[in-house]
Amino acid sequence: MSGTLLVTGGGRGIGAETSIAAAKAGWDVCVNYRTDSERAGKVVSRIKDIGRRAIAVKADISCEEDVIELFEKCDEKLGRLNALVNSAGVLEPITRIDAISGAELTRHVMVNIVGTILCAREGLRRMSRTKAGKGGVIVNLSSRASTLGGAGGHVHYAASKGAIDTFTFGLAQEVGSEGVRVCAVSPGTINTEIQPEGRVEAIAPTIPFKRVGEPHEVASAIVWLLSDQAAYVSGTVLGISGGR
């Protein structure tokens with residue numbers, strides 16, 4: 001399967017690696033970013049060097065108006081959507097629940113949960129066979145924290161990713177008959193800039209593989225889920241955690 005793919009948070013980390021890996025697999029890619037246009041532009045340039053079409057679109061996925069405009073720009077420049085990767089997310093603030101502010105918690109939930117659902121909504125409006133679409137795939141980014149709990153500063157993050165696990169399974173049941181597959185990947189600790197200073201070194205010895213993961217290892221799994229090789233895979237959350 002190939003066609004038009006939209007990757008939220010596609011300008012950095014796992015999102016950037018996924019955008020580039022997908023282009024190598026034959027996808028045209030809409031690279032979403034929130035603040036860093038230069039980095040998103042570099043991802044677009046790499047995709048074009050591969051020989052695929054690409055655009056970068058600024059949007060805050062926690063804002064419904066931004067999400068609608070993001071998908072409309074993708075329609076206009078790249079054509080009707082075939083796939084969506086919900087990679088955008090936040091880890092901050094790193095704090096105990098008894099120290100988090102209401103504003104911090106609201107921002108966290110709006111990006112990690114509401115933003116993912118809003119983007120899925122817009123994707124479905126283009127992919128579902130009940131909407132004149134031709135089917136498609138949605139891959140959400142969860143986290144092993146949803147199972148491990150995130151005690152020590154990440155409980156709110158773990159809870160947000162638990163919501164993504166539930167959303168993934170439920171949505172897969174809802175739209176499977178409409179030609180849309182919905183899956184998620186659940187990375188463990190991955191070596192990206194989202195990690196607090198020193199966390200990679202502290203966590204690595206606790207992992208059976210004795211190392212953290214790399215973004216390209218998550219991207220490879222996502223691109224497989226997007227492919228026809230995963231045509232009978234839906235409603236699943238694929239762990240990518242080195243056995244932890």
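Let's start at one residue and work outwards: Leu171 sits in helix α6, which covers residues 155-175. Keep in mind as you look around that the model is predicted.

Is Leu171 buried or exposed? Its relative accessibility is 7%, and because buried means under 20%, Leu171 counts as buried. Setting aside the neighbours within four places in sequence, Leu171 is in contact with Ala120, Leu124, Ile138 and Val182. There is also a pairing across the sequence to look at: Ile117 is 54 residues away from Leu171 along the chain, yet the two C-alpha atoms are 9.8 Å apart in space.

**The two cores**

In soluble globular proteins, nonpolar side chains tend to be buried together. Here the largest nonpolar core has 31 residues, and those with the most contacts inside it are Leu5, Val85, Val139, Val185, Ile222 and Leu226. Several elements give two or more residues to this core, as the table shows.

| Element | Residues |
|---|---|
| β1 | 4-8 |
| α1 | 13-24 |
| β2 | 28-33 |
| α2 | 37-50 |
| β4 | 83-86 |
| β5 | 136-141 |
| β6 | 180-187 |
| α8 | 215-226 |

Which element supplies the largest share of this core? That is α8, with six residues. Ile222 makes a good place to zoom in: leaving aside neighbours within four places in sequence, Ile222 is in contact with Ile14, Thr18, Val85, Val139, Leu141 and Val185.

Apart from the largest core lies another one, of 28 residues, and this is where our starting residue belongs: its members include Cys119, Ala120, Leu171 and Val175. Ala120 has already appeared above, as one of the contacts of Leu171.

**The whole chain**

Stepping back, the chain holds eight helices and seven strands. Its C-alpha trace spans about 45 × 35 × 35 Å along the principal axes. How does the radius of gyration fit with a compact globule, and what is its value? For 244 residues such a globule would have a radius near 18 Å, and the chain has 17 Å, so the two agree.

Buried residues account for 52% of the 244 residues. Of the contacts between residues at least 6 apart in sequence, 73% join residues at least 24 apart.

Turning to the surface, the chain exposes about 11,000 Å², with carbon and sulfur atoms supplying 51% of that area. As for charge, there are 28 positive and 26 negative side chains, and the centres of these two sets lie 4 Å apart.

Technical notes:
Residues numbered from 1 in each chain as written. Predicted model: local features only at pLDDT ≥ 70, side-chain atom pairs only at ≥ 80, totals over all residues. Heavy atoms only, no water. Helix = DSSP H or I, 4+ residues; strand = E, 2+ residues; numbered from the N terminus. Rg over C-alpha atoms; globule rule 2.2 N^0.38 Å. Buried < 20%, exposed > 50% of the residue type's maximum accessible area, 1.4 Å probe, protein only. Contact = heavy atoms within 4.5 Å. Areas by Shrake-Rupley, 256 points an atom, 1.4 Å probe, with all protein chains shown as cover. Lys, Arg positive; Asp, Glu negative; His and termini not counted. Charge placed at Lys NZ, Arg CZ, Asp CG, Glu CD. Core = buried A, V, L, I, M, F, W, Y, C linked by side-chain atoms within 4.5 Å.
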